[in-house]
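This briefing concerns a predicted model. It takes up helix packing and then pockets.

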Amino acid sequence: MDTASSIAAPVTSAVRRFFAGVGLLLRGIGLYVRSPGMMLLGVVPALISGVLFVGAFATLVYFVDDLAALVTPFADDWSTTARSLVRVVAGLALLGLAALLGVLTFTAVTLAIGDPFYEKISELVDGRYGGTPGEVDVPFWASLRRSVVDSLRLVAISVLVGIPLFAAGFIPVVGQTVVPVIGAAIGGWFLALELAGAPFYRRGMRLPERRALLKADRPTTLGFGVAVFVCFLIPLGAVLVMPAAVAGATLLARRSLGQPIESAQGR
């Protein structure tokens, strides 16, 4: 998509653009903290999803030893030390995969539960920086259906990516160092795609156009997405940061479209 490439990729180093993406999340947090109404809009759906996902992850942690034994039957006849080591590694790989998929599915479920709330937050941010050029009026149910379908598609792709990452988690050292970094990058990319859905839908743009525009400035998109991913791994981070991430994603969408992200009145 040539137009996307020409307007979305500023001529700066990839590292600076990555940290510019991190800065968009920080700006989203600033907008969120300074807007009590926005805080009330965003925290309820995230809290509901947070309770569900914390319970699910706690259950996984409780049964992780049994699951590690289930996926490593080949180690049943090994020595106690070797069997324990491989099953610790398997348990860590399972928890890593669960964290990756949990963050992405948490985002999808929370966006579905709180669709009208997060749509309103995105609209407020757009309005603050000049409105939504070419805004399309999409009925609520149509918007929700498209959002759910696109989210399911992204989660399905992430599952396919997560399986080889889970397998790579068994590689000594690499599985505990390189693989988590790759997982955070992949998770961050999919998070950015999910969170930026509302502002792109409002402009009549579906997932393929969204992907092309964000891909045109991949370092910035990754900076934003990885920062959100890391925040979501912190206990209660997903609940507290989710509304701010929606605000930051709206800034990311505006930036990718070449629209202003600075207001005349200042931030």
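**Helix packing and pockets**

Helix α2 (residues 14-33) packs against α10 at an angle of about 45°, and their axes are 6 Å apart. A second helix pair, α7 and helix α9 (residues 207-216), packs at an angle of about 125°, with axes 10 Å apart. The largest pocket of this predicted model has a volume of about 520 Å³, and the second largest pocket holds about 400 Å³ of space.

**Contact of α2 with α10**

- An angle of about 45° lies outside the ranges for roughly parallel, roughly perpendicular and roughly antiparallel, and α2 and α10 are therefore oblique to each other.
- The crossing in which α2 passes α10 is right-handed.
- On the α2 side, the residues that meet α10 are Ala14, Arg17, Phe18, Ala20, Gly21, Val22, Leu24 and Leu25.
- Their partners in α10 are Arg218, Pro219, Thr220, Leu222, Gly223, Phe224, Val226, Ala227, Val228 and Cys231.
- The contact of α2 with α10 is made up of 13 nonpolar, three polar and two charged residues.

**Contact of α7 with α9**

- The pair α7 and α9 is likewise classed as oblique, and α7 passes α9 in a right-handed crossing.
- From α7, Trp189, Ala192, Leu193 and Glu194 take part, meeting Arg210, Arg211, Leu214 and Lys215 of α9.
- By class, the contact of α7 with α9 has four nonpolar, no polar and four charged residues.

**Largest pocket**

- The volume of the largest pocket is about 520 Å³, and of the 20 residues that line this pocket, Phe53, Val54, Phe57, Gly102 and Phe232 are the closest to its centre.
- Two or more lining residues come from each of α3 (36-71), α4 (80-113), α10 (218-233) and α11 (237-256).
- The lining of the largest pocket comprises 16 nonpolar and four polar residues, with no charged residue.

**Second largest pocket**

- About 400 Å³ of space lies in the second largest pocket, and the closest to its centre of the 20 residues that line this pocket are Leu92, Leu95, Gly96, Leu97 and Pro180.
- At least two residues of this lining are supplied by each of α4, α6 (140-168), α7 (174-195) and α10.
- Helix α4 gives the most to the lining of the second largest pocket, with eight residues.
- In the lining of the second largest pocket, 14 residues are nonpolar, six are polar and none is charged.

Key
Residues numbered from 1 in each chain as written. Predicted model: local features only at pLDDT ≥ 70, side-chain atom pairs only at ≥ 80, totals over all residues. Heavy atoms only, no water. 1 Å grid on protein atoms, 1.4 Å probe; cavity = no way out; pocket = protein on both sides within 12 Å on 5 of 7 lines; lining within 4 Å. Points joined across faces, edges and corners; volume = space filled by probe spheres on them. Helix = DSSP H or I, 4+ residues; strand = E, 2+ residues; numbered from the N terminus. Nonpolar A, V, L, I, M, F, W, Y, C, P; charged D, E, K, R; others polar. Axes fitted to C-alpha atoms, helices over the stretch in contact; angles between N-to-C directions. Parallel < 35°, antiparallel > 145°, perpendicular 65-115°, else oblique. Left-handed = near helix turned anticlockwise from the far one by under 90°. Contact = heavy atoms within 4.5 Å.
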